[in-house]
Amino acid sequence: MPLRRRRRLINFNASILFYISQHLSRHDLSALSKTCHALHGTLVYTLLRESVCLSNANIQSFYEFMHLTSDHTSPFSPYLLNLTLGVPDSNAPLILPATHMQWSEVTQTFLRLLRCASRLVSLSLGLIPWIFSPEHLRLALALVPRLEHLTLSNFTTEYGEALAAATCPRLRTVHFRKLSSRTWGNVGFQNPLPFLRNVRLTITSLGLFANGSGLDDHTAPFPVMRQLDTTSLHRVDDNTCWVAPLIHLFPNLEHLHVTELATSSEVLTFDGSFPLTDANIEDIRGWRAKAREWQARHGTWSSGLKYLNVRTMLNLYQLGLVCEVARLDIRQWAPHIPTELIGIALSDIRVRKLRLDVHIEDAFNTASPVSLGPVFNTRTLTHLIIAVRRKLLVSITMDTLLFRLGALLRHSSVTHILLGDFSQKPPTYPPSLETGQCKRQPRRAPTFPIPELTATYTRKSDLIGALACDPSALLGFFLYFQPYGLRAWMRDKTTDAIGPSWEELDQQWAYEVAFAEGMLHLDDTHQP
């Protein structure tokens, strides 16, 4: 009788090997792929489907892994789509010990890799002054004609013309990190837009993640730009305002995220974290007046903004924006902002959906000068998301918090409100959210970290009763505390003639409603 054939790993079909590879780290996959040629060819797709992070510690091993031929081609180049070159990373894939190279060798090896990466769509370059000369950067960008996403770190003005010479017809996203006026010296704010003149007709997303970025209105507009993220926006001209260059440069902008506002002297403006003097308030009103005057003469975004993210309400007031904003995110409820400024800022943008990060107990006290009252009194506001931290719920009971929310809602136009903690990573979303299908699942009673939510609010009317009021406008109330999930109560308007009726949704359906109403967003559940 013939001996039974021994089962070896390479005898498994590709689907089984792919399943096994999903449970291995990239370092283990790399080691496994080096055991034989068959496994190398089978597992290469799994190894390269995510971004490959290279440094002087592992670039040589990756070069050998790609099996480059004498004519600078590789059988695995079609799978290489995302590439990062920068500082050493302890979790970087394909790393071997004792392979550190000099930066000059890293440059040449990396350029040889780019010559074979004909389908590369995402490229991230760090430590540019240490690795590349301007001519090297020009060559690197010329080798990737299909590039769609580009990230440049430690970018200096010496490399500006090299970037300006780039002709990447598919480039959509550009991120700058640590912009500088020169290679060695103090980092100063710069305007990188003139260096993007050859690709300004294709870029849809721009990130300026640097100490400061000053934009002026002398550069040609970027007509298809839809998203701008900047950590610090500086005024280039003291006689103008912050929104003037934004509206001129990006006439079709939809998403705007500004972390800080600063004057041309690189001094941050007031954000309400500290008490304001009369002189401070006068300056703030002057900046806003200039913004409104400029928009009255030149116009604003005619279709409004779909999303606006600023640090505090005072930053919103200083922007002086006069257009409709579908959703506004305020990352800090600052305690020292005059209430009349809050109402004016919100009414100017006619906001419908608002998220607030609240860390102080007095914000829920209607008698407090830092109360959320001006927010709830905004007539255009219909959807409100209040993000709280666990430590706030230690100093105030849930009963007290709901009672105060009820007082704020009594004369409000808010139809949907969500109270939750977004500081922790959530569990995997329900399958129906990923497939787009809307299926009701058997009701599961989630366990919440606050005992009162489980012990007290077990019946559908208990939580709404704790609001101590029945606002006629309120249609939905959501509680979101991770990692335990979401609870939602919806009002049945058909029974209002005989009295309001509330129904708690099962958790699966609650997620569906929350996403459909814009109460939950993927960014909300992954707060940095």
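1. Let me start at a loop residue, I396. With 4% relative accessibility, I396 counts as buried, because the cut-off for buried is under 20%. I396 belongs to the loop between α14 (392–395) and α15 (398–409). Setting aside neighbours within four places in sequence, I396 is in contact with E361, L401 and R404. Of these contacts, E361 is 35 residues away along the chain from I396, and the two C-alpha atoms are separated by 7.2 Å.

2. Now the overall picture. Keep in mind that this is a predicted model. The chain comes out with 19 helices and 17 strands. There are 528 residues in the chain, and 51% of them are buried. If you take contacts in the chain between residues at least 6 apart in sequence, 71% join residues at least 24 apart.

3. On to the run of parallel strands. Strand β1 (residues 52–54) pairs with strand β2 (residues 82–85) in the parallel sense, over three bridges. In that pairing, C53 stands opposite T84 in β2. β2 is also joined to strand β3 (residues 122–125), by four bridges, and these two run parallel. T84 turns up again here, with S124 as its bridge partner in β3.

4. The pairing carries on from β3. β3 and β4 are parallel too, paired over four bridges, and S124 has T151 as its bridge partner in β4. You can therefore step across from C53 to T84, from T84 to S124 and from S124 to T151, and in a regular strand the side chains alternate between the two faces of the sheet. Next comes strand β5 (residues 173–177), joined to β4 by five bridges and running parallel. The bridge partner of L152 in β5 is F176. As for exposure, β4 is mostly covered, with four of its five residues buried.

5. Helix α5 is worth a look alongside those strands. α5 (residues 103–116) has 14 residues, which at 1.5 Å a residue should span 20 Å; the end C-alpha atoms are 20 Å apart, so the two agree. Its buried residues are V106, T107, T109, F110, L111, L113, L114 and C116. What lies over them? The cover for the buried residues of α5 includes the strands β1, β2 and β3, along with α4 (59–66), α6 (128–131) and α7 (134–142). One more detail from this helix's range: the charged end of R112 sits over the ring of Y63, 5.3 Å from its centre.

6. Aromatics next. The count comes to six aromatic pairs. In one of them, the ring centres of F222 and F250 are 6.0 Å apart and the planes are at 55°, so the pair is tilted. This pair links distant parts of the chain: F222 is in the loop between β7 (213–215) and β8 (227–235), while F250 is in the loop between α9 (243–249) and β9 (255–262), 28 residues apart. F222 counts as buried at 1% relative accessibility, and F250 counts as buried at 0%. Elsewhere, F155, F176 and F195 form one aromatic cluster; F176 is the β5 residue already met as the bridge partner of L152.

7. Then the nonpolar cores. In soluble globular proteins, nonpolar side chains tend to be buried together. Here the largest nonpolar core has 126 residues, and those with the most contacts inside it are F250, M313, L328 and I386. Which residues does I386 touch? Not counting residues up to four places away in sequence, I386 touches L356, V358, F364, L372, F376, L405, I417, L418, L419 and G420. There is also a second, separate core of 16 residues, including Y480, L505, M519 and L520.

8. Last, two backbone points to check by eye. Most residues other than glycine have a negative phi. N154, not a glycine, has a positive phi of about 55°. N154 is found in the loop between β4 (149–153) and α8 (160–164), and at 18% relative accessibility it counts as buried. R350, also not a glycine, has a positive phi of about 50°. R350 is found in the loop between α12 (339–349) and β12 (353–357). Buried or exposed? At 37% relative accessibility, R350 counts as partly exposed.

How values were computed. Residues numbered from 1 in each chain as written. Predicted model: local features only at pLDDT ≥ 70, side-chain atom pairs only at ≥ 80, totals over all residues. Heavy atoms only, no water. Phe/Tyr/Trp six-rings, centres within 6.5 Å; stacked < 30°, edge-to-face > 60°. Buried < 20%, exposed > 50% of the residue type's maximum accessible area, 1.4 Å probe, protein only. Lys NZ or Arg CZ within 6 Å of the ring centre and 35° of its normal. Core = buried A, V, L, I, M, F, W, Y, C linked by side-chain atoms within 4.5 Å. Contact = heavy atoms within 4.5 Å. Pairing = 2+ DSSP bridges. Expected span 1.5 Å × (residues − 1).
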